[in-house]
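I opened this notebook to record what I looked up, one entry at a time. The entries follow the order in which I checked things.

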Amino acid sequence: LRWQIENGNHYAFSFDNAQINAQINPHKMQLIDVLLPQYLLLLEREQGADFPTLVKRMLLQMSSPMLPTLAQVSAQFAMSERNFQRKLRSYGASFRNITNEVKRQLAYYLQAGGQIKVKDIAYALGYSDASAYLHAVKNWKGNRRST
C-alpha cells in the first residue's frame, strides 16, 4: 500500500482498483465509520512540526482503522526502523509511547458511546484479545494517576 499525503483543506482517500474490487470486511467497515471522525479530530489537534508530532499525524493518516506498524511508518519517512527510533528518542519519545497515546485516545472515544463491545474495541485498536486491551486500560489509568 502506498500513501500520498498532501497538505490542503480537505481530506480524501484514494485506493487502487485491486482494493476497490476486493471484498470489504463489514466489521472493519463499521469500525472505519465510527473511527474516521475521531481520526480527523485528532489530526486537526496535532499542529506541531516536531518529529514526534509528525509521526503521530502519519500514524493517524495511515490507520485503516488498525494502526500501522513501526516498519510501515518508518518507511513513510524513508528511514530505517533503527534510525527512526533514534530520532524519536532524541525528542524524548518512542513509537510505542506515541501509539499507546493514540490507542488511549481512541479507546476513550469508543467507550464513551457505550455502543461498542470491549472485544470490538480491542480488535479495532490491534490487541490480540479483550483481556490484553483491558490490561492496557488498567495501565493507562495507573499512569495517569502518577503524572
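**Entry 1: Met 58.** I started with Met 58, which lies in helix H3, residues 51-62. The model is a predicted one. I asked whether Met 58 is buried or exposed. Its relative accessibility is 10%, and buried means under 20%, so Met 58 counts as buried. I then looked up its distance to Val 73. The two are 15 residues apart in sequence, and their C-alpha atoms are 6.9 Å apart in space.

**Entry 2: Ala 78.** Next I went to the loop between helix H4 (70-76) and H5, where Ala 78 lies. What is the phi of Ala 78 near? I noted a value near 55°, which is positive in a residue other than glycine. I also looked up the accessibility of Ala 78. It is 72%, and exposed means over 50%, so Ala 78 counts as exposed.

**Entry 3: aromatic pairs.** How many aromatic pairs are there? I noted a count of eight. One of them is Phe 84 with Phe 95, at 6.1 Å centre to centre and with 65° between the planes. I put this pair down as edge-to-face, because that word applies to planes over 60 degrees apart. Phe 84 is in helix H5 (residues 81-90) and Phe 95 is in helix H6 (residues 95-113). The pair links distant parts of the chain, with the two positions 11 residues apart in numbering. Both Phe 84 and Phe 95 are buried.

I looked up another pair, Tyr 108 with Trp 140. The pair is edge-to-face, with 6.4 Å centre to centre and 65° between the planes. Tyr 108 sits in helix H6 and Trp 140 in helix H8 (residues 130-146). They are 32 residues apart, and this pair too links distant parts of the chain. Trp 140 has 8% relative accessibility and so counts as buried. Tyr 108 has a relative accessible area of 22%, so I wrote it down as partly exposed.

**Entry 4: one cluster.** Which residues form one aromatic cluster? I listed Phe 51, Phe 77, Phe 84, Tyr 91 and Phe 95. Phe 84 and Phe 95 are the edge-to-face pair from the entry above.

**Entry 5: lysines over rings.** Last, I looked for charges over ring faces. Lys 87 lies over the face of Phe 51, at 4.7 Å from the ring centre. Phe 51 is also one of the cluster residues. Lys 103 lies over the face of Tyr 127, at 4.5 Å from the ring centre.

Conventions: Residues are numbered from 1 along each chain as its sequence is written. This is a predicted model: local features need pLDDT of at least 70, side-chain atom pairs count only at pLDDT 80 or more; totals for chains, interfaces and linings use all residues. Side-chain values use heavy atoms; hydrogens and water are left out. Rings of Phe, Tyr and Trp (its six-membered ring) pair if their centres lie within 6.5 Å; planes under 30 degrees apart count as stacked, over 60 as edge-to-face and the rest as tilted. Helices (H or I, at least four residues) and strands (E, at least two) are DSSP runs, numbered from the N terminus. Buried means under 20% relative accessible area, exposed over 50%, partly exposed in between (1.4 Å probe, protein chains only). A charge sits over a ring if NZ of Lys or CZ of Arg is within 6 Å of the ring centre and within 35 degrees of the ring normal.
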